[in-house]
Every structure is written in structure tokens, then in C-alpha cells.
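Hi there,

Here is the structure I promised to pass on. Have a look at it first, and my notes on what turned up follow below.

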Amino acid sequence: MITHLVLFGATGDLAGRFLLPALARLLAAGDVSPDLQVVAAAPQEWDDTTFRDRVAFRLREHAGGLSEDDSRAFLDRLHYQRVDFADVGSVRKAVHGFADTAPVAVYLALPQGLFQTATRALGASGLPPGSRIAVEKPFGEDLAGAVSLNALLAQVMPDAPEAVFRVDHALGMPGAQQVLALRGAEAMPASIWDSAHIEQIDILWEETLGLEGRANFFDRTGALRDVLQNHMIQVLTVVAMELPAAATNKDHRDAKIELLRSARALPESRRARFTAGTLAVSGTDVVGYVQEDGVDPSRQTETYAEVAVHVDRPRWSGTRFLLRAGKALATDRKGVLIHFRPESGREPLWIPMDGPPGSMDGELVAYGAVLLDVLSGSSRLSVSAEESEQAWRVVEPVLHAWAQGVVPLLEYPAGSSGPAHPLPDRSRDSSPGSGTAAAP
């Protein structure tokens with residue numbers, strides 16, 4: 001297991017909310033080496049003390065249950081390094097900031113616009129043999145971007161493509177693992193996991209949160225690129241792929257690729273953005289999306305995306321897959337909702353992806369699993385180059401239709417259930433509480 005981690009973007013929201021708290025938990029549980037050392041790399045003019053104080057605050061916020069001793073033991077192994085990600089010398093200093101030449105794991109928790117810049121600098125910095133690179137989603141901004149990024153990663157790691165990790169934490173969330181376990185359990189035999197018994201499958205990523213200070217990132221990304229094209233497409237593969245006979249990482253990855261090759265977006269889709277309203281959980285009044293600081297209304301960025309997908313496989317002929325993501329909605333729902341055909345006599349089945357409403361514990365667990373994979377070298381939660389490109393292929397017709405104005409940009413009040421639902425929508429026919437899947 002690698003014991004030297006370099007975290008690019010260590011002062012960002014992703015690192016503070018998820019990666020560092022998850023890593024602290026892993027260390028406290030003894031799941032990573034006690035020799036673990038972390039170089040935290042970011043552009044700010046900080047030092048170790050300033051960075052550790054900031055992380056201590058985030059641990060109190062997001063790493064519930066972590067003792068003061070465990071928190072201090074984690075903070076003591078954090079070393080801050082100011083980095084200009086476009087400067088090879090600066091990047092080299094961070095990568096080689098440890099006392100020896102042991103392999104490092106470099107985690108790029110960076111905005112999309114810095115991926116290629118930082119990756120090029122990494123390639124020129126001379127990574128120690130045996131090193132690994134982890135890249136956060138989204139993998140490119142479109143299919144061409146994904147192809148370009150994959151080509152660059154292949155140049156940087158020409159002799160070790162398996163050392164490139166395109167991480168998608170949705171694969172490590174409890175619900176995704178539960179779907180796989182459920183499909184292999186006697187309670188859900190393969191004989192009823194098909195279109196003859198299932199009418200529709202909804203994959204939902206609905207949040208009560210608004211932008212939470214992330215407007216500069218989100219306005220350049222949107223709901224489809226932020227979560228639907230990656231997280232939700234990955235959940236689709238777990239739900240719909242043919243279960244491989246062998247349980248190897250390669251067999252699992254090949255089954256997902258086969259599924260993606262057969263998937264295509266249907267012509268109907270919807271996009272919308274929230275207007276002023278009141279967030280349901282907190283009771284906070286929020287301004288409309290276009291009034292948020294950092295938002296450029298001319299970008300026509302959606303905070304709500306809905307895409308219907310057809311899977312051209314014998315098992316799924318006649319089953320509809322509906323993917324929906326949205327922000328500032330009335331309820332938190334991240335999960336999979338299975339609608340069986342009426343003649344099956346089965347109630348709808350809700351499989352939550354995360355913990356209780358408003359909880360981030362499921363995502364912390366997922367990021368812990370991702371970090372373990374990166375440090376140990378397992379590719380269980382890594383997305384292959386072809387998977388990343390196939391996922392873009394599925395949604396590109398939708399992006400083109402939106403860019404051409406074929407699909408209107410709707411609106412919905414913050415705190416509501418979203419825009420009116422002209423698309424056939426089974427997800428609200430029953431409460432997620434009824435038919436909730438028990439852990440197999």
C-alpha cells in the first residue's frame with residue numbers, strides 16, 4: 001500500500017468536505033498504513049499551521065465521531081505545499097516533497113479546467129516508479145474532451161495504464177453495493193430482473209441543497225455534467241449490466257462497458273433551473289439561480305436535468321430508465337426506484353444510495369473506499385478509459401439538443417419538487433419508504 005499521498009486542490013470544498021475527513025476516518029480505523037504522510041498542494045500562501053487549523057475545523061464539521069486524539073494524529077501528518085499547477089518546478093516540488101523516493105499517489109481534486117494543465121505538469125515532473133494518479137469526475141467536458149484527457153493520461157503513464165484511477169465515488173456508495181448484493185441474492189433472482197417484470201427504473205440524485213457557495217464551479221458545469229453523466233450513468237451500469245460469472249475487477253469492468261455500448265438517450269429530456277424560494281429542510285430563503293454570485297445567466301446552466309435512456313439488450317427490451325438530478329428540491333433522494341409491472345404483484349422497491357436524508361455519511365464511506373483503492377492499487381471503483389468515453393456518447397445527443405435550444409429551459413421554485421412533469425414519471429407514484437430494500 002502506498003504511504004505517500006499528494007492531494008492537489010487540498011483547500012477546495014471536495015477535499016475539506018469529503019476526502020480529508022474520509023482519510024482521517026480510515027487512519028483512525030487502522031485501514032491505512034500508520035506511516036501515511038500527506039502533502040496538501042494548493043495555490044494559497046499558507047503554511048502547515050494555517051492548513052491544519054482549517055482542516056481541524058472541517059473534521060469537526062464532517063468527520064463525526066472522530067476523537068480529538070485521532071484528529072490530532074491525522075493533522076500531524078499533513079504538510080502544506082503552495083503549488084502553481086501550471087509550473088512544472090512547483091509541481092515537482094510537491095510530488096517529491098517527501099524524504100525518500102517512494103511511489104506516490106497523486107489525487108487531482110481540481111476544477112475541470114485545471115485537469116489537463118496539472119496532468120501535463122505531472123508528466124514532466126518525473127513521478128517515482130510505482131506511482132498512481134487519481135482523477136476526479138467529470139472526465140472532460142464532452143466526448144472529445146474525454147478522448148483528449150485519456151490520451152494525455154496514457155502519455156503520462158505509458159507503461160502503467162492500470163495506475164490511472166478515474167474515480168467515481170458513486171460506485172462506492174452503500175446503495176450501489178447493495179444493488180449488486182441484491183441482484184445476487186435469492187430474494188431477487190435474475191429471472192425477474194428483466195423487462196417482463198420491470199416496467200421502469202428511476203435513478204435519482206435529488207438534493208435539497210442549493211449551490212452552497214459553488215456557483216463558480218457549477219455554472220460552468222450544470223446538473224447533467226456534474227452528476228448525471230458520471231455518477232448516475234455509473235449507477236445505471238450497476239443496475240442493468242449482465243452480472244459477470246467471475247468477480248474479478250476486469251470482468252466487472254467489461255460487463256459495464258458492454259452495457260454502456262448498448263445504451264442511448266431517448267429524444268425526450270428536460271432541463272430547468274430554480275427561481276427564488278425556500279429550501280425545505282433548512283427553511284432558508286434563497287434567491288433565484290441567476291441572482292447567485294458567480295452565475296452568468298447567458299450560459300443557460302441547468303440545475304435540474306432529466307434524461308430517459310433505452311438499453312438495447314434482450315433483458316431490457318421494453319423497460320424505461322429515467323435519470324433525474326436536481327438541486328434546491330423539496331426532498332433529498334439519492335437512489336434507485338424499481339417499478340415492477342402490475343401483473344408481477346410486487347410493490348415498488350426503493351434502494352437508497354446514501355444514509356438518512358441530509359446525511360453525508362454514505363458519501364464519506366464512498367470516498368473512504370475510493371481512497372483505499374487508490375492507495376492499495378485496486379481498480380474496483382475506477383472507471384476505465386472506454387467507460388468514460390461511452391458515458392459521454394450516451395448523453396452527447398442531449399447536450400447538443402440543449403445547446404441548439406431544441407429543449408426549453410424551464411423553471412421551478414426552490415424548495416419545490418421541480419418543474420411540472422410532462423415526461424411519464426413513475427418515481428412519485430409511491431413513497432420511497434414503501435418497499436425499501438432491506439440489506440441482503
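Before the details, one term: a residue is called buried when its relative accessible area is under 20%. Please also keep in mind that this is a predicted model.

With that cut-off, both phenylalanine 8 and phenylalanine 85 are buried. Their rings form a tilted aromatic pair, with 5.0 Å from centre to centre and 45° between the planes. What I like here is the link between distant parts of the chain: phenylalanine 8 belongs to strand E1 (residues 4-8), while phenylalanine 85 sits in the loop between strand E3 (78-82) and helix H4 (88-95), 77 residues apart.

A second pair worth opening in your viewer is tryptophan 316 with phenylalanine 321. The ring centres are 5.4 Å apart and the planes meet at 80°; planes over 60 degrees apart count as edge-to-face, so this pair is edge-to-face. Tryptophan 316 has 0% relative accessibility and therefore counts as buried, and phenylalanine 321 is buried too, with a relative accessible area of 0%.

In total there are nine aromatic pairs. There is also an aromatic cluster, made up of Phe218, Phe274, Tyr289, Tyr304 and Tyr412.

Now to the nonpolar cores. The largest one has 112 residues, and Leu23, Phe74, Tyr107, Ile201, Leu224 and Phe321 are those with the most contacts inside it. Helix H9 (residues 222-240) gives the most to this core, contributing eleven residues. Apart from it lies another core of 28 residues, including Phe8, Val39, Val135 and Leu149.

Phenylalanine 321 thus comes up again, and its surroundings are easy to list. Leaving aside residues up to four places away in sequence, phenylalanine 321 touches Ile201, Leu236, Val239, Ala240, Val307, Ala308, Val309, Val311 and Trp316.

Finally, a pocket for you. The second largest pocket has a volume of about 320 Å³. It is lined by 21 residues, of which Leu180, Met241, Ala247, Thr248 and His252 are the closest to its centre. Which helices supply at least two residues each of this lining? They are helix H7 (174-183) and helix H10 (249-261), and H10 gives the most, with four residues. By class, the lining of this second largest pocket has ten nonpolar, seven polar and four charged residues.

Happy to talk it through whenever suits you.

Best wishes

Notes
Residues numbered from 1 in each chain as written. Predicted model: local features only at pLDDT ≥ 70, side-chain atom pairs only at ≥ 80, totals over all residues. Heavy atoms only, no water. Core = buried A, V, L, I, M, F, W, Y, C linked by side-chain atoms within 4.5 Å. Buried < 20%, exposed > 50% of the residue type's maximum accessible area, 1.4 Å probe, protein only. Contact = heavy atoms within 4.5 Å. 1 Å grid on protein atoms, 1.4 Å probe; cavity = no way out; pocket = protein on both sides within 12 Å on 5 of 7 lines; lining within 4 Å. Points joined across faces, edges and corners; volume = space filled by probe spheres on them. Nonpolar A, V, L, I, M, F, W, Y, C, P; charged D, E, K, R; others polar. Phe/Tyr/Trp six-rings, centres within 6.5 Å; stacked < 30°, edge-to-face > 60°.
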